[in-house]
Structures are given as C-alpha cells and as structure tokens.
Amino acid sequence: MSTRIAFLKGHGTENDFVIVPDPDNAIELSPAAVAALCDRRAGIGADGVLHVVRSAAHPEARAMAGEAEWFMDYRNSDGSIAEMCGNGVRVFARYLQHAGHVAEGDLTIATRGGVKSAHIAKDGDVTVGMGGARLPEGDVTVRVGERSWPARNVNMGNPHAVAFVADLAHAGDLYGPPPVSPEDAYPDGVNVEFVVDRGPRHVAMRVHERGSGETRSCGTGACAVAVAAARRDGVDPAVTGTPATYTVDVPGGRLVITERPDGQIEMTGPAVIVAEGVIDGEWLENALR
C-alpha cells in the first residue's frame, strides 16, 4: 500500500464521489478499501469511487483504448462494481479537465457500459451521451410496505425499475432495497426510481441505487425515468422523428434528458470538483483490518 494516495472529491447534482487518479492502474482498490473510503463517518464519504485509469492500462478497457484514452473504473459505495454511472461520467470529465488532460469541448470516456461521449461547455455543464435505452418485456412490480406499483423495466447499460407514484414520500426511507417482483427480473439487483409529475415533460424522482442505497441523484436513473415518462405519455422519438426532452428534478438538483430519434440519449447537468488531498496509507491499512 502506498504511504499516501492522491484523491479528489467531486459531485454531480450531489451524487458524490471519491476520485482516485491512477493512470497506470498501480493501485489495488479492493471492495473493502472502496467501502472504507466511502464511509461517511469513518472515511472520506461518497456514493462511489471513480478510479481514473488509462484504458490501455486496464484489462477491462484495453479494447476501447483506440476510442477513449481514459477508463472510468467505477465502484459503488459498498465496493461492488457497476457498469455505468451517468453522474460519475460527468464528474470524471470534469476531473480530466481539472487535471489538464482535456479542454472544453468534446471527449470520449471508456466505461464498462461502453465508450461514452461527453461535452464540457463553457458554462460549466457537462453533457454525456448515455447510449440508448432497452425496454425489456415483462411486468415488474415495486413494493414499499403495503403499497405496490407497476414499474417500467428500463436498461441503460445497468438495470432500472421505474415506478410512477402519487407522492415521493411513498418511497419510504429507502434504507434498504425496495422489493421488486418477479425476483428473476433482475438477477444482479436493480436501481429503483420513484417518480411524480411536476408539469409538462417535467418530473421529480427519488432513487435507491443498487449497492449504494438512496442517493441524491442518479444519472442513468434520470435517463431511465425520462424514457419511461415519454413512453407513458405516448412519446417515442423513433416514431415521431422529433427529439423529446424531459426535465428531471432529483434531490440534489436538476438534470435535462434528451432522447433523439436514433434512440441516443443525452444528459446535461453540473459537475463540480470540491477538494483534493491525500489518503493516508496507514489509515487505510488499519481500516481494512
């Protein structure tokens, strides 16, 4: 274990991350180490870790190195690996700009969900190409206490169950994952979104993220919600030939989601670097004992 490990702290609509720059993939981040770093009382505190590695240096990303120099090796706060994190991609892009690796404008980032395009605007917002949504067949139900709702199964490279509710308070405390049935619909777990309407093409949501609990924001979740809301409203850009834009309020702020006629989805929102410093290697070793 290195004596001192550089880190930064950032957030996108208050979905917060510990950023660990490691271009050569020299730092072993075990699940226990990630969980220790993300602990909000005994560690730095975060919803997840953004491990910043050159694609060519990571076995899971080498095939993407020709398209994207940098790989977002994303981990949930419990140490588990996730395919994608939309807010994480925005913060990852902001870090690359902060570190001088990229400038304003367009860039690409490798993720376990594929290569994602991003655009860093002069006003500070970051737009991320989130790919397309898949809408698996089959009925899904979400339950909290005595209440239950039909949910839309949406896959954004990671799985989501989107339930439209009368009141966001009906989601409960979201300390644990809301039960979803049938159980075999999501064999690797699922992110669950609870959604209310705020106005025309304007919704608000709360989310329980798989492996992290309730978070202040979820980028892939906001995209899943926008797609589910559009289909509920009878809107399909592939049919109309016109892009559909939804505003999605999350507890940590606001995201704007646009689905295009070719099925590609773009998410725009803020990304902020809050601080940087060093992780004490001795503390981390002690935390893992």
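Mentor: Before we start, one cut-off: a residue is buried under 20% relative accessible area, exposed over 50%, and partly exposed in between. Keep in mind that this is a predicted model.

Trainee: Okay, why is Asn25 called partly exposed?

Mentor: Its relative accessible area is 26%. Partly exposed is what lies between under 20% and over 50%, so 26% puts Asn25 in that middle class. You'll find Asn25 in the loop between strand 2 and helix 1.

Trainee: What makes the phi of Asn25 worth a remark?

Mentor: Phi is near 60 degrees there, a positive value, and Asn25 is a residue other than glycine. Glu14 can be mentioned alongside: its phi is positive too, about 65 degrees, although Glu14 is not a glycine.

Trainee: Where does Glu14 sit, and why is Glu14 called partly exposed?

Mentor: Glu14 is in the loop between strand 1 (4–12) and strand 2. Its relative accessibility is 35%, which falls between the 20% and 50% limits, so partly exposed is the right label.

Trainee: Let's step back to the whole chain. How many helices and strands does the protein chain have?

Mentor: There are 5 helices and 18 strands.

Trainee: And what makes the chain as compact as a globular protein of that length?

Mentor: Set the two values side by side: the radius of gyration is 18 Å, and the globule rule gives 19 Å for 289 residues. Those are close, so the chain counts as being as compact as a globular protein of that length. For a sense of extent, the C-alpha atoms fill a box of roughly 55 × 40 × 30 Å along the principal axes.

Trainee: What share of the residues is buried?

Mentor: Buried residues come to 51% of the 289. As for contacts with a separation of 6 or more, 61% of them link residues 24 or more positions apart.

Trainee: Which residues of helix 1 are buried, and what covers them?

Mentor: In helix 1 (residues 31–38), the buried ones are Ala33, Val34, Ala36, Leu37 and Cys38. Their cover includes strand 2 (15–21), strand 3 (48–54), strand 4 (70–76), strand 18 (272–280) and helix 5 (281–287).

Trainee: Strand 2 again. Why is Val20 called buried?

Mentor: Val20, which is placed in strand 2, has 1% relative accessibility. Buried needs under 20%, so Val20 qualifies. Leaving out neighbours within four places in sequence, its contacts include Ile5, Ile27, Leu29 and Val52.

Trainee: How do you know that Ser217 is buried?

Mentor: Its relative accessible area is 0%, and the limit is under 20%, so Ser217 is buried. Ser217 is in a loop, the one between strand 14 (213–215) and helix 3 (219–232).

Trainee: What makes the pair Ser217 and Asn87 a polar contact?

Mentor: The distance between their side chains is 2.8 Å. A polar contact takes N or O atoms within 3.5 Å, one able to donate a hydrogen and the other to accept it, so a pair at 2.8 Å is inside the cut-off. Apart from Asn87, Ser217 also contacts residues including Gly12, Thr13, Glu209 and Leu255.

Trainee: Now a charged one: why is Lys116 called buried?

Mentor: Same reasoning. Lys116 has a relative accessible area of 6%, under the 20% limit, so it is buried. Lys116 lies in strand 6 (residues 114–120). A polar atom of its side chain lies 3.3 Å from the backbone oxygen of Gly113. Among the residues that Lys116 touches are Met84, Leu107, Val128 and Met130.

Trainee: For contrast, why is Ala166 called exposed?

Mentor: Ala166 has 73% relative accessibility and exposed means over 50%, so that one is settled. Ala166 is in the loop between strand 10 (159–164) and strand 11 (180–181). Pro177 is found in the loop between strand 10 and strand 11 as well. Its relative accessible area of 62% is over 50%, so Pro177 is exposed too.

Trainee: And what makes the peptide bond from Ser181 to Pro182 cis?

Mentor: Its omega is near 0 degrees. Pro182 itself lies in the loop between strand 11 and strand 12 (191–199).

Key. Residues numbered from 1 in each chain as written. Predicted model: local features only at pLDDT ≥ 70, side-chain atom pairs only at ≥ 80, totals over all residues. Heavy atoms only, no water. Helix = DSSP H or I, 4+ residues; strand = E, 2+ residues; numbered from the N terminus. Rg over C-alpha atoms; globule rule 2.2 N^0.38 Å. Buried < 20%, exposed > 50% of the residue type's maximum accessible area, 1.4 Å probe, protein only. Contact = heavy atoms within 4.5 Å.
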